[in-house]
Amino acid sequence: MSHPSVAEIRAANASLKDHGFFLRTIRPLGPYCAWVGLRLGLRPIQLNFFNFALALFCCGLLALGPASARVPAAILLLIWQTLDVTDGTMARTLGIRSNYGGFVDHLAGIFLIAFFCISVGLGLYLHPEGSVTAALESANIRFDYDPAYSLILGAYSSVAAILMRLTQRIVQVRFGTDPVTEDVAPDGSIISRGLGLVRDLENIGGYFLIVFFAAVLLGKLEWFILFYFLVYAAMLAGATAQVFRSLRERHDYL
């Protein structure tokens with residue numbers, strides 16, 4: 001049985017338009033990973049389900065595993081990100097793209113978004129890192145950072161991440177538009193670039209996993225969860241305000 005070459009895989013994916021996230025920088029790995037997958041006899045849907053299971057496993061490892069499991073979990077999540085590019089590359093090469101495959105692929109990402117921060121928070125609650133307390137003490141600030149704070153911040157971050165996406169979907173269904181993403185279309189301005197950077201920071205396909213990996217290696221996971229709590233809170237408030245502002249004159253009923 002003949003298999004497509006890397007060049008043929010690239011040609012089949014030449015018209016692909018990415019969404020502008022950091023994901024585009026690992027897109028070139030897609031043809032090579034797809035080449036390996038096709039030679040192993042894998043189907044895109046099998047990779048979809050494997051990636052789904054891998055996302056849940058990583059969340060479980062971060063939540064309930066020992067502190068020493070954080071680095072392996074971070075590495076597995078980077079592998080997950082690479083495979084998230086690979087399944088679509090395989091499907092386009094074979095000409096078997098389907099709504100069902102795209103649904104499973106998207107659902108894996110949604111589950112990861114929903115459980116990631118609360119899993120990190122639970123892991124820090126069970127196995128405190130102490131990086132916040134150490135930093136404050138070095139600055140002669142007396143404050144006892146209770147491990148429960150990490151759990152609370154992680155829970156609120158997960159809820160905020162899901163609420164943002166739920167609001168976006170409701171607006172898309174109800175109004176047939178998305179004022180949040182429309183207003184951050186790249187136009188070269190400083191504001192547009194800033195909004196794009198914030199979206200890249202928050203999105204799994206952006207810098208999110210890179211920042212997480214760096215935090216794990218540096219032993220600053222408590223700072224990671226605190227930072228992303230602030231990011232999600234600001235984005236949720238901003239996105240909600242933008243929706244109300246942009247749609248306040250849309251009174252037509254669909």
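The accessible surface of this chain comes to about 14,000 Å², and 67% of that area belongs to carbon and sulfur atoms. Welcome to the structure, which is a predicted model. The chain is built with 11 helices and zero strands, and 39% of its 254 residues are buried. Here is a short tour, taken topic by topic.

**Overall layout**

- Followed along the sequence, the chain reads α-α-α-α-α-α-α-α-α-α-α.
- Among the contacts in the chain with a separation of 6 or more, 81% are between residues 24 or more positions apart.

**A nonpolar patch on the surface**

- Five names to look for on the surface are Val71, Ile75, Ile79, Leu217 and Leu218, which form a nonpolar patch.
- Together, the residues of this patch have about 450 Å² of accessible area.
- Helix H4 (70-94) and helix H10 (204-218) each supply at least two residues of the patch.
- The helix that gives the most is H4, with three residues.
- One of the patch residues, Ile79, lies in helix H4.
- Ile79 has a relative accessible area of 39%, so it counts as partly exposed, a class that runs between the 20% limit for buried and the 50% limit for exposed.

**Helix H2 and its buried side**

- Helix H2 covers residues 29-39, and its buried residues include Gly30, Pro31, Ala34, Gly37 and Leu38.
- These residues cover an arc of only 125° around the axis, so they sit on the same side of H2.
- In general, an α-helix has 3.6 residues a turn, so residues three or four places apart point the same way.
- What do the buried residues of H2 pack against? Their partners are helix H1 (6-12) and H4.
- Just after H2 comes Gly41, which takes a positive phi of about 80°.

**The salt bridge**

- How many salt bridges does the structure hold? There is one.
- The salt bridge is made by the side chains of Arg165 and Glu202, at 2.6 Å from N to O.
- Arg165 belongs to helix H7 (residues 147-175) and Glu202 to helix H9 (residues 190-202), so the pair ties together parts that are 37 residues apart in sequence.
- Are Arg165 and Glu202 buried or exposed? Both are buried.

**Around Ser150**

- Ser150 is another residue to find in helix H7.
- Ser150 counts as buried because its relative accessibility is 0%.
- The side chain of Ser150 is joined to that of Tyr145 by a polar contact of 2.9 Å.
- Which residues is Ser150 in contact with, leaving aside its neighbours within four places in sequence? They are Gly121, Leu124, Tyr145, Glu222 and Ile225.

**Ala239 and helix H11**

- Ala239 lies in helix H11, which spans residues 221-247.
- With a relative accessible area of 19%, Ala239 is buried, because the cut-off for that class is under 20%.
- Ala239 and Arg165 are 74 residues apart along the chain, and their C-alpha atoms are separated by 9.9 Å.
- Arg165 is thus worth finding twice: its side chain meets that of Glu202 in the salt bridge, and its C-alpha atom is 9.9 Å from that of Ala239.

Note on methods: Residues numbered from 1 in each chain as written. Predicted model: local features only at pLDDT ≥ 70, side-chain atom pairs only at ≥ 80, totals over all residues. Heavy atoms only, no water. Patch = residues over 30% accessible without salt bridge, like charges linked within 9 Å, V, L, I, M, F, W, Y side chains within 5 Å. Areas by Shrake-Rupley, 256 points an atom, 1.4 Å probe, with all protein chains shown as cover. Salt bridge = Lys/Arg side-chain N within 4 Å of Asp/Glu carboxyl O. Helix = DSSP H or I, 4+ residues; strand = E, 2+ residues; numbered from the N terminus. Buried < 20%, exposed > 50% of the residue type's maximum accessible area, 1.4 Å probe, protein only. Polar contact = N/O pair within 3.5 Å; in protein donor to acceptor, adjacent residues only side chain to side chain. Contact = heavy atoms within 4.5 Å. Arc of directions from axis to C-beta.
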